[in-house]
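Reader: Please take a close look at one charged pair within a helix of this predicted model, and then work outward from there to the other parts that can be described with some care.

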Amino acid sequence: MKKYQVVGIGNAIVDVLTQSDDSFLDHMGIQKGIMQLIEKDRAELLYGAMGDRTQAAGGSVANTLAGLGALGIRTGFVGRVHDDALGQFYAKSMEDGGTDFVNAPVSGGDLPTSRSMIFVSPDGERSMNTYLGISADLGSEDVSDEVAQQAEIVFLEGYLFDKDKGKDAVIRMSRSCRAAGGRAGIAISDPFCVERHRADFLTLIENELDYVIGNEDEIKSLFETDDLEHALAKTAAICPLVVCTRASDGVSIVSNGARIDVPVEKVVPVDATGAGDQFAAGFLFGLSTGRDMQTCAQMGCIAAGEVIVHMGARPEQDVMTLFKQAGLV
């Protein structure tokens, strides 16, 4: 048995959330519903403009690992934080949630711990404004081959492709895990991330990965098409396991050429922050414990459904209890 069932690598970002309306977003020049990278001055401006704030250790893959840790999965996280107050808060939060924070906070240097100002609209859409800070320096030197080899599954964050060093880190993590008999996969993060790195993503998916998770806009963007069926077929031709979330239309999975579609129970969203991250947590829980694809998808939908009915990117209810109520465990 390996030390870890799932190890993730991604940006270690402190999430700062507040509620806002569309007029505020327009006034501040914030594009609704996507993640935008910003510089330090812009980060300070937006932070000062926030009303009531809540703070949590975040980042897409870190949120997924927190969900997995709460479900009892043995997890580790490869990320980079500064040895400042936010960095210490971040590392402790991950450890308290049951996930090994395998890299110690970094002393020295000018770059602080990363943070994302998230403005949540009344319709549940989240507009993320991320200052990468020290996360932008995450590179292959931060990847321990021993940690990767001790992982049954590694989960990679598409946002890391915004820096060349991050790409190198992702590839090293994947290759080290797979060389030791593990499986590697990615969350492709958002359609704008795909636009920026389409060729690199396709090369990675075809040559370095065993699974890919994305929503329908992200999967379609991979092949620059509005035809989801075409995009799914093209992605499945280069990757053994393709998982596509389709909001209220459920989930479509192509596993070694076999297609299944799983419906989802519709709920009224309060805050969509973390929906994709917690879907991945539920799905990877199923995958890491040997469940069939139908059950993996149902677990993902339950985890995502829990997180969108309250503020914040991590579950408030015991998701394992929800799995039991649904007859999945």
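Author: R198 and E195 sit three residues apart in helix α7, which spans residues 191-208, so they are separated by about one helical turn. Their side chains meet in a salt bridge, with 3.1 Å from N to O. The two partners do not share one level of exposure: R198 counts as buried, because its relative accessibility is 14% and the limit for that class is under 20%, whereas E195 is partly exposed, with a relative accessible area of 48%. Side chains of opposite charge can pair when their charged atoms come close. Helix α7 also holds H197, which is buried at a relative accessible area of 10%. From H197 to V251 the C-alpha atoms are separated by 24 Å, and the two residues are 54 apart along the chain.

The pair in helix α7 belongs to a wider set of charged contacts, since a search of the whole structure finds 16 salt bridges. One of them joins D123 and K32, whose side chains meet at 2.9 Å from N to O. This pair links distant parts of the chain, for D123 lies in the loop between β7 (114-120) and β8 (126-131), while K32 lies in the loop between α1 (22-28) and β3 (35-37), and the two are 91 residues apart. D123 counts as partly exposed at 41% relative accessibility, and K32 is partly exposed as well, with a relative accessible area of 32%. The contact is also part of something wider, in that D22, K32 and D123 are linked in a network of salt bridges. Another pair is formed by D261 and R259, whose side chains meet in a salt bridge of 3.1 Å, N to O. Here D261 counts as partly exposed at 44% relative accessibility, and R259 is partly exposed with a relative accessible area of 34%.

The surface offers a nonpolar counterpart to these charged contacts. V267, V270 and V309 form a nonpolar patch there, and together they have about 190 Å² of accessible area. Within this patch, V270 is found in the loop between β14 (258-262) and α10 (275-288), and V270 is partly exposed, with a relative accessible area of 34%.

Two other loop residues deserve attention for their backbone angles. E224, in the loop between α8 (216-222) and α9 (228-236), has a phi near 50°, a positive value in a residue other than glycine. A247 is likewise not a glycine, yet has a positive phi of about 55°, and its place is in the loop between β12 (241-245) and β13 (251-255). E224 is exposed, with a relative accessible area of 62%, and A247 is exposed, with a relative accessible area of 66%.

Turning to the interior, the largest nonpolar core has 44 residues, of which F77, Y90, F155 and F283 touch the most other members. A second, separate core of 43 residues includes L17, V120, V143 and C239. Membership in such a core requires a residue to be buried and joined to others through side-chain atoms within 4.5 Å.

The empty space in the model can be described in a similar way. The second largest pocket holds about 200 Å³ of space, and its lining is made of 16 residues, of which A66, G67, A70, L71 and P315 lie nearest its centre. At least two residues of this lining come from each of α3 (60-70), α10 and α12 (319-325). As for enclosed space, the count comes to one cavity of 30 Å³ or more, and about 50 Å³ of space lies in the largest cavity. N11, L132, S135, A136 and L138 belong to the lining of that largest cavity, together with Y159, L160, D162, K163 and G166.

To return to the starting point, the contact between R198 and E195 in helix α7 pairs residues about one helical turn apart, whereas the contact between D123 and K32 links distant parts of the chain.

Note on methods. Residues are numbered from 1 along each chain as its sequence is written. This is a predicted model: local features need pLDDT of at least 70, side-chain atom pairs count only at pLDDT 80 or more; totals for chains, interfaces and linings use all residues. Side-chain values use heavy atoms; hydrogens and water are left out. Patches are made of residues with over 30% relative accessible area and no salt bridge: like charges are joined within 9 Å, nonpolar side chains (Val, Leu, Ile, Met, Phe, Trp, Tyr) within 5 Å. Accessible areas come from the Shrake-Rupley method with a 1.4 Å probe; for residues, only the protein chains shown count as cover. A salt bridge is a side-chain nitrogen of Lys or Arg within 4 Å of a carboxyl oxygen of Asp or Glu. Helices (H or I, at least four residues) and strands (E, at least two) are DSSP runs, numbered from the N terminus. Buried means under 20% relative accessible area, exposed over 50%, partly exposed in between (1.4 Å probe, protein chains only). On a 1 Å grid over the protein atoms alone, a cavity is a set of points where a 1.4 Å probe fits but cannot get out, and a pocket is an open set with protein on both sides within 12 Å along at least five of seven lines; lining residues have an atom within 4 Å of a point. Grid points are joined across faces, edges and corners, and a volume is the space filled by probe spheres set on the points.
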